[in-house]
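Look at the model below before reading on. The text then walks through it, sheets first, then the chain contact, then the salt bridges.

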Amino acid sequence: MSRPTPVVAVKGLTKRYGGRPVVDDLTFALDRGEIAGFLGPNGAGKSTTLRLLLGLAAPSSGTAHVLGRPFAELTDPASTVGAVLESADFHPARNGRDHLRVLALAAGIDRARVEKALQTVELTDAAGRPVRTYSLGMRQRLGLAAALLGDPALLVLDEPINGLDPAGVHWLRALLRTFADQGGTVLVSSHVLAEVTQTVDRVLIINRGRLVADQPIAAFTQDGSLEHAYLTLTTAATA
Amino acid sequence: MRRQLRSELAKLTTTPTTVAILATLVGLAALAVGLHAYGLSTNQLATGSDQRKIFIDVAVNLGALFAALLGALSITAEIRAGTIRPTFLATPHRATVIGAKAVSVFAAGLLVGLVATGTVAGVGAVALDLRGLSVRLTAGDYVQFLGGGALGGGLLAVVGLAVGAVIRAQVPSLVALFAWLLFVENLLTDLAAVHRFVPGALAQALAGQDRAGALRTPGTAGALLVAYTAAALVAATLATSRRDVA
């Protein structure tokens, strides 16, 4: 039996800015139902990798595919990938419901799903207020609602824990677990190592654009703390 | 592209920007035409040609500028706020996004042009009447003034979108449009052979401007302005499709 097409397949992915590689020959693949934590120091190339995967930037070489195709060639991108890149991706004067409606219109998603997504992230009561009045945590949840609009197979989240209070972190963890249990795949970048240990199935560590570890979370907890492994890997590669 | 067009039209109507632009335009146009109608001597306002010249000067200058600003804001506000990322995630084919934006800002620009000319026609007529002067514009003058003003606004809005898409940063885009339409085109009025072909002057010609040196064939002016707009749109599409999004 042939292996099913990976949800994410990154092969030899490289991005250079002014000759300097920011992402350097990165290769990994993610399957259905996996939650992968994408870790690395500031400037390691995490966000650039996510932008390459989402077609916002073009690779210098290599490929980044979602379900066998580059993002730009997906026939229905919103129902394939949902992404939260930065908590600031909103027009401050537009209200939360209209933010989702504008995206739903472009993706051909009906209005009922906008209300459902607002309910899922518990923002129905605040949906009529301009986003400028939202707290950082509320913005994160609105970003998640946008990502969930198309009922995607893959969630790509860049630092989603920033700005969430402990209850919010707990809520997000449950949401991601349910999503993965239903067959969804999650690629989540984070700095909060303690949180990662509780949420992810697998850890990818990137340093200076290169992948320095790709293992199940269990492998790290057996060796000691993830923090210890992380610091060893990222400082050893730097030295 | 229908989905994207509906999305772009929703973007224009779900922030206060469009209404603020229209309200400011009405206020400025009314003030400017009122000041002209009161400030100029009666022999500068006596004939239909004089009145038309002033109406077009005020309405089309302001209409073209505000339409271009609205066009530029439709993309630079997205880049500035970061919403350009979810926009491109929903529609990875960026030429489709630019096409939908072009159609939506063209429609909004028509409205801007119509509001500018309508305000000037209305306030101008009242102001002239209060001064005891009769309005000498014919029905045909009004049709060309309103229709040409609207079309000029629509086309300049698309040019503004293209400038915003190429420059990307909001403040430099708006400054470039202000500098060109208010300053450079004014300087060029001394070089009639050149000035008659610049976008602002072409928009005026569309509305019926007949000052010395202006193109007096609205068809030619319209065709040239459409050609500029198309070229700008091609540049905007290429720039947007080829560059990485931050």
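Why is strand β3 of chain A largely enclosed by the rest of the structure? Because 5 of the 5 residues of β3(A), residues 35–39, are buried. Buried means under 20% relative accessible area, exposed over 50%, and partly exposed in between (1.4 Å probe, protein chains only). Helices (H or I, at least four residues) and strands (E, at least two) are DSSP runs, numbered from the N terminus.

This is a predicted model, where local features need pLDDT of at least 70, side-chain atom pairs count only at pLDDT 80 or more, and totals for chains, interfaces and linings use all residues. Residues are numbered from 1 along each chain as its sequence is written, chains are lettered from A and ligands numbered from 1 in the order in which they are written, and side-chain values use heavy atoms, with hydrogens and water left out.

Stay with β3(A). Both of its faces are covered. A:Ile35, A:Gly37 and A:Leu39 are buried on one side, and A:Ala36 and A:Phe38 are buried on the other.

Now the neighbours. Two strands pair if DSSP finds at least two bridges between them. β3(A) runs parallel to β8(A), residues 185–190, and 5 bridges join the two. Here A:Leu39 stands opposite A:Ser190, and A:Gly37 stands opposite A:Val188. β3(A) also pairs with β9(A), residues 202–207, in the parallel sense over 4 bridges. In that pairing, A:Gly37 stands opposite A:Val203.

These strands belong to an open sheet of 6 strands in chain A, in the order β6-β7-β8-β3-β9-β10, with mixed pairing. Its edge strands are β6 (81–84) and β10 (210–216), and each pairs on one side only. The twist averages 15° from one strand to the next. Angles here run from 0 to 180 degrees between N-to-C directions, and axes are lines fitted to C-alpha atoms, for helices over the stretch in contact.

Helices pack on this sheet. α1(A) touches β3, β7 (154–158), β8 and β9 of chain A, and its direction makes about 145° with that of β7(A). Contact means heavy atoms within 4.5 Å. Helix α5(A), residues 166–181, lies across β3, β7 and β8 of chain A, running at about 155° to β7(A).

Chain A also has an open sheet of 4 strands, in the order β2-β1-β4-β5, with antiparallel pairing. β2 (20–30) and β5 (69–70) stand at the edges with a single partner strand each, so one side of each is left without a neighbour in the sheet. Further in, β1(A), residues 8–17, and β4(A), residues 61–66, pair in the antiparallel sense over 5 bridges. A:Lys11 stands opposite A:Thr63 in β4(A). Helix α1(A), residues 46–53, packs on this sheet, touching β1, β2 and β4 of chain A at about 115° to the direction of β1(A).

Next, the contact between chains. It takes 25 residues from chain B and 30 residues from chain A. The two chains bury about 2300 Å² between them, 60% of it on carbon and sulfur atoms. Buried area is the accessible area (1.4 Å probe) that two parts lose on being put together, summed over both.

Side chains of opposite charge can pair when their charged atoms come close. A salt bridge is a side-chain nitrogen of Lys or Arg within 4 Å of a carboxyl oxygen of Asp or Glu. Chain B and chain A share 2 salt bridges. One of them joins A:Asp89 and B:Arg85, with the closest N and O atoms 2.6 Å apart. On the chain B side, α1 (2–13) and α4 (84–90) are the elements that give two or more residues to the contact with chain A.

Over all chains, the structure holds 14 salt bridges. Take B:Glu8 and B:Lys101, whose side chains meet at 2.9 Å, N to O. B:Glu8 lies in α1(B) and B:Lys101 in α5(B), residues 94–130, so the pair ties together parts that are 93 residues apart in sequence. B:Glu8 is buried at 5% relative accessible area, and B:Lys101 is buried at 0%.

B:Lys11 and B:Glu78 form a salt bridge too, at 2.8 Å, N to O. B:Lys11 lies in α1(B) and B:Glu78 in α3(B), residues 48–81, so this pair ties together parts 67 residues apart in sequence. Both residues, B:Lys11 and B:Glu78, are buried. B:Glu8, B:Lys11, B:Glu78 and B:Lys101 are linked in a network of salt bridges.
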